[in-house]
Structure formats: C-alpha cells, structure tokens
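Please open the structure in a viewer and keep the selection tool at hand. The tour proceeds by selection, with a short account of what is found at each stop.

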Amino acid sequence: MSPLEKFEKMISYYAKAYSRNPSLSSALEYVLDKVKAGRASVHKPMTVHAELIVGDIGNFKFLRCPSCGTVYDAFRINSLKCKRCGKSLVHAYVGTPIDYGQRRYPYIISLAHKNSNYFIITPTDYLLHIRCSIHNDLKRVKPSNPNRPIYSLQYICPWNDRSCQHYGSENLCRQNSGGIVMFRNEEGYKRVPSLPSEGLTKPFSLAVFNKEEETEDLTKDLGGEFFDQVIYGKFKVWFITLFYLLGSASMPRSRRLPIIVESDGDVTLIGRDMITEGVLFRLNPDKIASAKQQVKVSESTVVHSISHVIMKAVIELSGLSPSEFSEAIYLDENSSTMELLIYDDSPGGIGGVRVLKEYSADAREKIKRSKEPCPRGCRRACRACLYLENCSMLNFDLSWLAAYHYFRGY
C-alpha cells in the first residue's frame, strides 16, 4: 500500500474515532475530502518567517506592565519600560476562541484573501469595558492572585477617580458585570483571556511509514506472547501536520478550535520525510479486541495507549529527551493489521530506539512497569501515566486501563 493510501486510511479512521469531538472530526473529514480530490499540497518549509501581526490570525500590538497592570499600545510608545513604575513591559492578554460545540466545522484561513479587519486571536482592547467611558482611555488590568493570573483578572482605575460611580475599594473599577474580565464575542465564538505563548496553537499531525531495511527480529526478546512480531530496522517515515488546534494553554483540548490553512482552494499541509531507525510492533488483534471490549474504547485508543507505554520505556531506558522519539500508527480493520512504529525523530537515527535491541531484557522490565495503573488513579490518561509532551496527536485517544488490559500477564 502506498504512503498516500495509508495516509487517507488513517485520516478516515480517526475522523470516525473522534466522532465525540465534532470540531476535530469535521476538520479531519474536511482534510480527507481535499486529499481525495487532489486539492491538498504538502510543503517542506526551509525558511521560517515571523511577524508581530499576521492578518486573520492574531494581533499582539498591546503591552502591559506585569507589576501595575498598565496597558500600552506598542506602536505609541518609545520605551519598553512602564511609565508608571519602570518595570519591563510584556505582551498583554489576548482573546482566544473557545469551542462549546456551537460550530461543527473548522475555521479556514485563506492565504490568498486576508481579512485585516478581523482576528482569530483578538487584542487587549477587545476586552469588555476595558476602555473607560469617562476618560476615554484603557484601564489597567491586573490579576488579584498571582497563582491564578487569568481567573483573578480585575480592572483598576489608572486615574484614581473617586467621583466615578464605578469606583470601588482598592482603586478597583466595578463597571464590568460581576467583576469578571472577559473578551467580547466575535463571529459567534466566546473568547477567554490568555497569555500569549507558543501554547496557543497545537499542531495535529499524523505519520505513515514503510519498511526500508530489516536488520533484526526482536519478537522473542520483547515478548512474542503480546506482539505478533517485533522488527528493528530502517524505515521511511512521512510526518504531516494536518491543521492546528487553537486555544488557551489552560483550555481542555476538546474546546480548541481547528484552524486549516488554504491557498486558492487547496489545503496547505506542512510535512517532512526521512529514513531513520525504528522498531515496528505488530500487535495481536485478539488481545486488542479483548482490551477494547473490557474498557469500552476504540482500537485506536488501545494501540495509541500501548505506543505510549513503549515510548515511556524507551525514554527511560535511553536517558534521552522525549522529543528525540516519535510514533506512527497504522490500523486496517479489513485485514486486522494493527501496527505501531517507535522511531528516532532524526534523519538516519541517533541510536535511541536501539536500546530495545541491545537491552531487551531491561526493555521488557521497563514496559512491564510502564503499563501499571495510573498512580493518580485518573479516569483515562494524564501526565502521571501516559501523557507525552511531544505526542503528535496531542494525547487524544489514550487510556491507561486499555494498555493495562492488553499487557495483563506481561
């Protein structure tokens, strides 16, 4: 099967598997339709360009003082120091959309037709009641609790105007209803205050692979009773980012908004390919079916959970950072093919996954410990058990209980 056919099959599979998340499922279906119609192009970026303001996406022109909360327009000041207290300025709060299920289709950004009058990430002056109607200027915005920098935001009067009907104790402005600082809605989306960071956007990616060179069969060493086959060798991997999920860093992943980029009607995907070292695990369909039935989850949840169990074992055994490894999953229900590849995320490989071959006995022990129940007793998955910071699928579709049932008796 060609890489493109595998790619289409996996997008189709996950579109169905994520049916409980309408926004994510519809985004996958949209990309799949474009791929099937030949209206998708994969770009391998060689140069990255960054700008402060990007049409349609966001506006970050406001700065704030982290000490007193004074807000400044970055294009109207001559210094990056606060005029009030002398502290260094940082980017002010921005409004990120939150998906409550009211929109069952992704947001499309057209590179050919930008709308500079609208931003998905809205600037500070879009905050409700941020501008004082008496003084016609921006109020100060400051959290009352440093440990809750978003949920404790409040307005402070910069003019100390005690004659104002909204003036409250400790210089607070009571104009906003209930004292809650919120952004106004745009295009039907509620927006919540967020701190600008790379965490506002999370890429959702898939990887497919083909075997290039088989060097060693590790089935006997790593447990043939749980894996139909384990192969160490060289693999060709295609890693493609389908779209981005936009939202506050503290927002649940299910509430993030899928952002798809298009150019002249073609979906623009970001991808790369490489030949690297990897270990391929062909899973036992009967054990997958048993775990699926006992936990009431999909096959993809069982396989993805097993993948993270093995990845955590490799990371611990090798002593390398999680970013040095990645995973690729291929499922074909028609042929009962269920495979996962753990590979070095560098061209040619760095010898990381080689620990599964060179220290197979230790690897078995690490996997055995990694599949234990979550120490926090979480319902599905969390940072204490299966989460990985570099998961290409953003730690969706995981269950420690599913992995536990698959490896029972390991």
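The stops below go from the whole chain to a sheet, the cysteines, an aromatic cluster and the enclosed and open spaces.

**The whole chain**

Begin with everything displayed, and note that this is a predicted model. The C-alpha atoms fill a box of roughly 80 × 50 × 40 Å along the principal axes. In cartoon view, the protein shows eight helices and 17 strands. Of its 410 residues, 51% are buried.

**A three-stranded sheet**

Next, select residues 62-64, which form strand E3, together with strand E4 (71-73) and strand E5 (90-91). These belong to an open sheet with the order E4-E3-E5 and antiparallel pairing. E4 and E5 are the edge strands, each with a single partner, so one side of each has no neighbour in the sheet. E3 is joined to E5 by two bridges. To locate one bridge pair, select Leu63 and its partner in E5, His91.

**The cysteines and the largest cavity**

Now select Cys132, Cys157, Cys164, His166 and Cys173. Of the 15 residues lining the largest cavity, these are the closest to its centre. The volume of that cavity is about 110 Å³, and its lining comprises nine nonpolar, four polar and two charged residues.

Which cysteine sulfur is closest to that of Cys164? It belongs to Cys132, at 5.9 Å, which is too far for a bond. For Cys173, the closest cysteine sulfur is in Cys164, at 6.0 Å, and this distance too is too far for a bond. Both residues count as buried, Cys164 because its relative accessibility is 16% and Cys173 because its value is 11%. Across the whole structure, a search finds zero disulfides.

**The aromatic cluster**

Select Tyr13, Tyr14, Tyr18, Phe204, Phe243 and Phe396, which form one aromatic cluster. The structure holds 12 aromatic pairs. Within the cluster, isolate Phe204 and Phe243: their ring centres are 5.3 Å apart and their planes meet at 5°, so the pair is stacked. Phe204 lies in strand E12 and Phe243 in strand E13, and the pair links parts of the chain that are 39 residues apart. Both Phe204 and Phe243 are buried.

**The second largest cavity**

Keep Tyr14 selected and add Ser205, Leu206, Ala207, Glu327, Ala328, Ile329, Ser392 and Met393; together they line the second largest cavity. About 70 Å³ of space lies inside. Strands E12 and E16 each supply at least two of the lining residues. By class, this lining divides into six nonpolar, two polar and one charged. In total, the structure holds four cavities of 30 Å³ or more.

**The second largest pocket**

For the last stop, turn to an open space: the second largest pocket, with a volume of about 780 Å³. Select Lys202, Glu389, Asn390, Cys391 and Leu394, the closest to its centre among the 28 lining residues. Which strands each supply at least two residues of this lining? They include strand E12 (201-217) and strand E13 (227-246), along with strand E15 (266-283) and strand E16 (325-332). The lining of this pocket consists of 11 nonpolar, 10 polar and seven charged residues. Displaying E12 and E16 once more links this stop to the previous one, since each supplies at least two residues to the lining of the pocket and at least two to that of the second largest cavity.

Key: Residues are numbered from 1 along each chain as its sequence is written. This is a predicted model: local features need pLDDT of at least 70, side-chain atom pairs count only at pLDDT 80 or more; totals for chains, interfaces and linings use all residues. Side-chain values use heavy atoms; hydrogens and water are left out. On a 1 Å grid over the protein atoms alone, a cavity is a set of points where a 1.4 Å probe fits but cannot get out, and a pocket is an open set with protein on both sides within 12 Å along at least five of seven lines; lining residues have an atom within 4 Å of a point. Grid points are joined across faces, edges and corners, and a volume is the space filled by probe spheres set on the points. Helices (H or I, at least four residues) and strands (E, at least two) are DSSP runs, numbered from the N terminus. Ala, Val, Leu, Ile, Met, Phe, Trp, Tyr, Cys and Pro count as nonpolar, Asp, Glu, Lys and Arg as charged, and the others, Gly among them, as polar. Two strands pair if DSSP finds at least two bridges between them. A disulfide is a pair of cysteine sulfur atoms within 2.5 Å. Buried means under 20% relative accessible area, exposed over 50%, partly exposed in between (1.4 Å probe, protein chains only). Rings of Phe, Tyr and Trp (its six-membered ring) pair if their centres lie within 6.5 Å; planes under 30 degrees apart count as stacked, over 60 as edge-to-face and the rest as tilted.
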